Amino acid sequence: MGTPPELTSLRSARVTAAHRLARRSFRGKERRFLAEGPQAVREAVAHPGGPAGRTLVELYATPEAAERHADLVAAARAAGAPVLTATPEVMAEISDTVTPQGVVGLCRFLDTPFAEVLRARPRLVAVLAHVRDPGNAGTVLRCADAAGADAVVLTDASVDLYNPKAVRASAGSLFHLPVAVGVPVGDAVAGLRAAGVRVLAADGAGERDLDAELDEGTMQGPTAWIFGNEAWGLPEETRALADEVVRVPIHGRAESLNLATAAAVCLYASAREQRAPAGCRSVTSS
């Protein structure tokens, strides 16, 4: 591209405002976040947004990236989002990664009120309770999307949905399904149960076995899974809220499964059971 970059100063108001969004307090105040990389920006362009307007507010790109992703630049402009070229130094200031991809989207918050999630009568929901690692939160969100879940709920004790690492780990799934944030875990369970959803807590020390749940055909109805902290799981008071505490069986010698792997197994077990008229016998045995 022959034209010089439009954003060249690290001290410009636009660059400073974008850089501040690395902090949760500024994201919450502005209700905006950054989506980095062509995949995330592409999903932001396609997302219709809400009452505040379209999800993608502005697109920042280096001249080289703008040329390489000309289709994405054209789609952003067609959606009404300004496209501003920036020097690599400016992009590094905005970016949260060691090696910036040269494309960053400024986006509006897109979380869904919990009451709206319940009104949609969900059949499969992932509830993240006390999840503190943003990479794990984003990966569970991606798993929920892949399994066809209807919604994800992050409790008030969990990490910020719009943390840059969570956004990247979701691989675009953040823009695909409703996500409610800041819901007290007790309110989440009570609301889901009132909506006819059975609530299961995933925990390695659970009394119930996932294989037994599948063999007995108890998971065909609407189901919500509660997933806990990566290091210490679910506190007893949260476990007590669930209808059942279920463990994923360990058939080998592994000490445990990490959060994202356990979430994938549980969510896919529910998805398969709900989609198979006769149910399925087991997703963990050969």
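**View 1. Arg-24 in helix H2, a partly exposed residue.** With a relative accessibility of 48%, Arg-24 counts as partly exposed, because that class covers values from 20% to 50%. This is a predicted model, as are the views that follow. Arg-24 sits in helix H2, which spans residues 24–30. Once neighbours within four places in sequence are set aside, Arg-24 is in contact with Ser-158, Val-159 and Asp-160. Another pairing to look for here is Arg-24 with Asn-163: 139 residues separate them in sequence, while their C-alpha atoms are 7.1 Å apart in space.

**View 2. Thr-155 in strand E6, a buried residue.** Thr-155 belongs to strand E6. Its relative accessible area is 3%, so Thr-155 falls under the 20% limit and counts as buried. Which residues does Thr-155 touch, leaving aside its neighbours within four places in sequence? The contacts are Val-127, Leu-128, Ala-129 and His-130, together with Gly-182, Val-183 and Val-185.

**View 3. The seven-stranded open sheet.** Follow the strands across this sheet and you will meet them in the order E7-E6-E5-E10-E8-E11-E9, with parallel pairing. Strand E7 (179–183) and strand E9 (208–209) stand at the edges; each has a single partner strand, so one side of each lacks a neighbour in the sheet. Helix H13 packs on this sheet and touches E5, strand E8 (198–202) and strand E10 (223–227). The direction of H13 makes about 175 degrees with that of E10, and an angle over 145 degrees counts as roughly antiparallel.

**View 4. Strand E5 and its two partners.** Zoom in on E5 and you can see both of its faces covered. As a reminder, side chains in a regular strand alternate between the two faces of the sheet. On one side of E5 are Leu-124, Ala-126 and Leu-128, on the other Val-125 and Val-127, and all are buried. Five of the five residues of E5 are buried, so the strand is largely enclosed by the rest of the structure. E5 (residues 124–128) pairs in the parallel sense with E6 (residues 151–155) over four bridges. Two bridge partners in E6 are worth picking out: Ala-151 for Val-125, and Leu-154 for Leu-128. With E10, E5 again pairs in the parallel sense, over five bridges. Here Leu-124 has Thr-223 as its bridge partner in E10.

**View 5. Helices H8 and H13 side by side.** Helix H8 (residues 134–146) and helix H13 (residues 259–275) have axes that come within 9 Å and cross at roughly 20 degrees. An angle under 35 degrees counts as roughly parallel, so H8 and H13 qualify. Is their crossing left-handed or right-handed? The crossing of H8 and H13 is right-handed. From H8, the residues at the contact are Asn-136, Thr-139, Val-140, Cys-143, Ala-144 and Ala-146. They meet Leu-259, Ala-260, Ala-263, Ala-264, Leu-267 and Tyr-268 in H13. Sorted by class, the contact of H8 with H13 has 10 nonpolar residues, two polar ones and no charged ones.

**View 6. The four-stranded open sheet.** This sheet has the strand order E1-E4-E2-E3, and its pairing is mixed. Strand E1 (32–36) and strand E3 (83–85) are at the edges with a single partner strand each, so one side of each has no neighbour in the sheet. On average, neighbouring strands of this sheet are turned by 20 degrees against each other, direction ignored. Strand E2 (residues 56–61) and E3 run parallel and are joined by three bridges. One residue to find here is Ala-61, whose bridge partner in E3 is Thr-85. Helix H3 packs on the sheet, touching E1, E2 and strand E4 (103–108), and its direction makes about 35 degrees with that of E4.

**View 7. Helices H3 and H5 in contact.** Helix H3 (residues 38–46) packs with helix H5 (residues 70–78) at an angle of about 25 degrees, and their axes are 10 Å apart. H3 and H5 are therefore roughly parallel to each other. H3 passes H5 in a left-handed crossing. At the contact, Pro-38, Val-41, Arg-42 and Val-45 in H3 meet Asp-71, Leu-72, Ala-75 and Ala-76 in H5. By class, this contact has six nonpolar residues, no polar ones and two charged ones.

Key: Residues numbered from 1 in each chain as written. Predicted model: local features only at pLDDT ≥ 70, side-chain atom pairs only at ≥ 80, totals over all residues. Heavy atoms only, no water. Axes fitted to C-alpha atoms, helices over the stretch in contact; angles between N-to-C directions. Parallel < 35°, antiparallel > 145°, perpendicular 65-115°, else oblique. Left-handed = near helix turned anticlockwise from the far one by under 90°. Contact = heavy atoms within 4.5 Å. Nonpolar A, V, L, I, M, F, W, Y, C, P; charged D, E, K, R; others polar. Pairing = 2+ DSSP bridges. Buried < 20%, exposed > 50% of the residue type's maximum accessible area, 1.4 Å probe, protein only.
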